[in-house]
Amino acid sequence: MSPAPVFSEPDASQAGEFRLAGDWCGAQVQEIGDALIRSVRVAPASTLDLTEVRRMDIAGAWAVLRALGAERDIGRIKARPEHLRLLDMVASADASRPKRRSGPGPIRAFLERIGRGVMSVVEETYGTLAFAGRLMVVTGKTLTDPRRIRWASCVSMAERAGLDALPIVIVTTFFIGAVVGLLGVNTLRQFGAEVFAVELIGIAVTREFGIVITAVLLAGRSASAFAAEIGSMKMTQEVDAMRVMGVDPFEALVFPRVAALLLIIPLLAFVATVAGLMGGALVTWSMLGLGPNFFMTRLVENVGATHFWIALSKAPVMAIAIAGIGCRQGMLVKGDVLSLGQRVTAAVVQAIFAIIFIDAVFALIYMELDL
């Protein structure tokens with residue numbers, strides 16, 4: 001059995017020298033090491049004599065160094081050369097260990113968070129403008145040389161992003177029109193003006209809800225799909241392979257998607273408007289007894305097509321925003337799945353925010369133009 005680690009405190013004849021003996025290794029060092037630390041604190045200028053120590057491992061060396069205090073002065077130790085080398089190695093490892101820093105105060109942490117947020121907005125704005133400029137250059141090159149247009153990709157994207165979305169667009173806007181009709185009838189009935197629910201439905205659906213609901217659905221459906229598709233290609237290095245082969249990813253991936261949404265969003269907006277008006281007409285027919293002929297007559301005479309053309313003027317801008325945001329977030333995907341999920345989520349959120357912002361800007365412009 002190996003002798004247990006022990007130490008003897010100095011007496012008057014030893015001039016402040018602690019003598020260590022036994023085997024300073026293994027789990028048994030913990031308790032004796034704590035006792036040594038408490039004893040050395042009483043006489044901080046004392047030395048340690050390890051010449052009688054038989055064996056020592058890293059745990060024992062660390063216990064001895066802890067007893068020396070924060071300065072780790074190995075010059076206060078007398079020991080055999082092999083033990084001194086071990087002590088020096090452990091002391092060097094402890095000195096190279098990164099020190100724990102205290103966290104910033106609450107005010108500084110708050111200011112740092114604001115600063116990081118501002119820098120994130122600036123970087124995002126710069127990246128968006130750079131992406132838009134690159135897209136404009138590619139669009140100009142493609143339009144000046146129509147042979148560069150990938151018609152198969154454009155038609156395929158238009159089908160997947162637009163025509164396949166017709167059912168959900170029709171159902172959603174139909175119920176939106178019905179809800180607007182219900183609210184209009186119940187509100188105007190208090191003033192005996194239920195018949196004006198037709199005008200309310202016509203203006204709300206043709207001017208706002210038709211195009212906005214269509215754009216929001218495309219943002220959730222197409223922007224996320226664009227980000228996921230391009231992001232997956234980034235993860236599998238297909239985009240890098242395109243560049244190696246001399247193919248511009250903007251020309252092969254981004255332009256067809258933007259062109260597809262530009263072509264298909266007017267059709268979706270028209271279908272959404274018709275479905276919303278049908279929902280509103282059904283409500284006025286069932287609640288007020290106003291037939292479809294009466295509904296269409298008041299709609300044509302008092303609402304007209306101006307509001308629909310105003311709504312349709314927003315479609316190209318929203319289409320470019322939706323497709324551009326989805327493609328840009330896809331291009332920013334890194335090599336892991338976590339990045340893909342974050343970028344898909346960011347594409348949907350940013351696209352919906354862009355739609356609301358664009359709609360508000362157009363509303364202010366047309367208000368100034370008295371339209």
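I'll start with a pair of helices. The axes of helix α7, residues 197–235, and helix α11, residues 306–331, come within 8 Å and cross at roughly 15°. Angles under 35 degrees count as roughly parallel, so that is how α7 and α11 lie to each other. The crossing of α7 and α11 is right-handed. As for what the contact of α7 with α11 is made of, its residues divide into 18 nonpolar, 6 polar and 4 charged. Keep in mind throughout that this is a predicted model.

Now to the sheet. It is an open sheet of 4 strands, in the order β1-β2-β3-β4, and the pairing is mixed. Which strands stand at the edges? They are β1, residues 6–8, and β4, residues 77–78; each has a single partner strand, so one side of each is left without a neighbour in the sheet.

Going through the pairs in order, β1 and strand β2, residues 17–24, run antiparallel and are joined by 3 bridges. Within that pair, Phe7 has Leu20 of β2 as its bridge partner. Next, β2 and β3 pair in the parallel sense, over 7 bridges. The last pair, β3 with β4, is also parallel, over 2 bridges.

Two helices go with this sheet. Helix α1, residues 29–42, packs on it and touches β1, β2 and β3, the last of these being residues 47–56. The direction of α1 makes about 175° with that of β2; over 145 counts as roughly antiparallel. Helix α3, residues 81–96, lies across β3 and β4 and runs at about 105° to β3.

One residue in β3 deserves a moment, and that is Asp49. What is the bridge partner of Arg19 in β3? It is Asp49. On the β4 side, Asp49 stands opposite Lys78. So much for the backbone pairing; now the side chains. Side chains of opposite charge can pair when their charged atoms come close. Asp49 forms a salt bridge with Arg19, with the closest N and O atoms 3.0 Å apart. That pair links distant parts of the chain: Asp49 is in strand β3 and Arg19 in strand β2, 30 residues apart. Asp49 and Arg19 are therefore partners twice over, once as a bridge pair in the sheet and once as a salt bridge, which asks for a side-chain nitrogen within 4 Å of a carboxyl oxygen. By that rule, the count for the model comes to 17 salt bridges.

That is where I'll stop.

Key. Residues are numbered from 1 along each chain as its sequence is written. This is a predicted model: local features need pLDDT of at least 70, side-chain atom pairs count only at pLDDT 80 or more; totals for chains, interfaces and linings use all residues. Side-chain values use heavy atoms; hydrogens and water are left out. Axes are lines fitted to C-alpha atoms, for helices over the stretch in contact, and angles run from 0 to 180 degrees between N-to-C directions. Angles under 35 degrees count as roughly parallel, over 145 as roughly antiparallel, 65 to 115 as roughly perpendicular and the rest as oblique. A crossing is left-handed if the near helix is turned anticlockwise from the far one by less than a right angle, and right-handed if clockwise. Ala, Val, Leu, Ile, Met, Phe, Trp, Tyr, Cys and Pro count as nonpolar, Asp, Glu, Lys and Arg as charged, and the others, Gly among them, as polar. Two strands pair if DSSP finds at least two bridges between them. Contact means heavy atoms within 4.5 Å.
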